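Welcome, and thanks for taking a look. Please load the model below and keep it open while you go through the notes, which are grouped by topic.

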Amino acid sequence: SLKSTHRPRNCVWELTLNCNLNCVHCGSSAWRSRLDELSTEECLDVVDQLSDLGCELVTLSGGEPMSRFDFFELAERARELDFRYLALSTNGTKLTGENAKRVAGLGFDYVGISLDGIGTVNDWFRGVEGAFKDALRGVRECKALGVKVGLRFTITEDNQHTLPAML
């Protein structure tokens, strides 16, 4: 085991840079298709290494982490290990139906969903029409399943006027 006395306490892991949205603030152009990502086996090894290092808090992020074909396999491995806290950072648009049930079933400690305005403001910010409706549906489905959900809001001059309505 690689357990270290100098361990990373918190790890935010960008599982993928692929994304189904095209956000104006994205510095990585995540929405573009990527071919240079880790394989499932390599990702499972990373999860094991994070555990061996003694990492306590793990957030699965992206791009859109749920865009990975093996997202649930990776999340299941993370849940099986001894992490004290497992979180998901997502745009929420894929958190519906069976996906929401699987996230709830895995017992994520927290799901952070990005909303950057109300309605068309969010859709403009996120680069896809209907993104607000889909993300809000993800929030509601997770809440109905007992998942702790928080909203993430990137404040800019273009959307700051929606903050009171968001609150």
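A residue counts as buried when its relative accessible area is under 20%, and as exposed when that area is over 50%. Asp 116 has a relative accessibility of 0%, so it counts as buried. Please bear in mind that this is a predicted model. The notes start with the salt bridge of Asp 116, then turn to other charged pairs, the aromatic rings and two of the helices.

**Salt bridges**

- The salt bridge count comes to nine.
- Asp 116 pairs with Arg 126, and their closest N and O atoms are 2.3 Å apart.
- This pair links distant parts of the chain: Asp 116 is in the loop between E4 and helix H4 (120-126), while Arg 126 belongs to helix H4, ten residues apart.
- Arg 126 has a relative accessibility of 7%, and because the cut-off for buried is under 20%, Arg 126 counts as buried, as does Asp 116 at 0%.
- Glu 76 forms another salt bridge, with Arg 102, where the closest N and O atoms are 3.4 Å apart.
- Glu 76 is in helix H2 and Arg 102 in helix H3, so this salt bridge ties together parts that lie 26 residues apart in sequence.
- Glu 76 is partly exposed at 33% relative accessibility, and Arg 102 is partly exposed with a relative accessible area of 36%.
- Lys 133 and Asp 134 meet through their side chains in a salt bridge of 3.1 Å, N to O.
- Lys 133 has a relative accessible area of 54%, which makes it exposed because the cut-off is over 50%.
- A network of salt bridges links Arg 9, Glu 56 and Arg 84.

**Aromatic rings**

- The structure has three aromatic pairs.
- One of them is Phe 71 with Phe 72, an edge-to-face pair at 5.0 Å centre to centre, with 75° between the planes.
- Phe 71 and Phe 108 have ring centres 6.4 Å apart and planes at 5°, so this pair is stacked.
- The stacked pair links distant parts of the chain, with Phe 71 in helix H2 (residues 71-80) and Phe 108 in the loop between helix H3 (97-106) and strand E4 (110-114), 37 residues apart.
- How do these rings group together? Phe 71, Phe 72 and Phe 108 form one aromatic cluster.
- Are Phe 71 and Phe 108 buried or exposed? Both Phe 71 and Phe 108 are buried.
- Phe 71 has a relative accessible area of 1%, and Phe 72 is also buried, at 9%.
- Arg 102, the salt-bridge partner of Glu 76, places its charged end over the ring of Phe 72, 4.1 Å from the ring centre.

**Helix H1**

- The 13 residues of H1 should span 18 Å at 1.5 Å a residue, and the end C-alpha atoms are 18 Å apart, which agrees.
- Which residues of H1 are buried? They are Thr 40, Cys 43, Leu 44, Val 47, Leu 50 and Ser 51.
- These buried residues cover an arc of only 115° around the axis, which puts them on the same side of H1.
- An α-helix has 3.6 residues a turn, so residues three or four places apart point the same way.
- The packing partners of the buried residues of H1 are E1 and H2.
- Gly 54, just after H1, takes a positive phi of about 85°.

**The loop before H1**

- Asp 36 lies in the loop between strand E1 (10-16) and helix H1 (40-52).
- Asp 36 is exposed, with a relative accessible area of 57%.
- Asp 36 and Thr 16 are 20 residues apart in sequence, and their C-alpha atoms are 9.7 Å apart in space.

**Helix H3**

- Ala 100, Val 103 and Leu 106 are buried in H3.
- Seen down the axis of H3, the buried residues fall within an arc of 130°, so they line one face of the helix.
- The face turned away from that buried side carries the exposed residues Glu 98, Lys 101 and Gly 105.
- The buried residues of H3 pack against H2, strand E3 (85-90), E4 and helix H5 (131-144).
- Gly 107, just after H3, has a positive phi of about 70°.

How values were computed
Residues numbered from 1 in each chain as written. Predicted model: local features only at pLDDT ≥ 70, side-chain atom pairs only at ≥ 80, totals over all residues. Heavy atoms only, no water. Phe/Tyr/Trp six-rings, centres within 6.5 Å; stacked < 30°, edge-to-face > 60°. Buried < 20%, exposed > 50% of the residue type's maximum accessible area, 1.4 Å probe, protein only. Helix = DSSP H or I, 4+ residues; strand = E, 2+ residues; numbered from the N terminus. Lys NZ or Arg CZ within 6 Å of the ring centre and 35° of its normal. Salt bridge = Lys/Arg side-chain N within 4 Å of Asp/Glu carboxyl O. Expected span 1.5 Å × (residues − 1). Arc of directions from axis to C-beta. Contact = heavy atoms within 4.5 Å.
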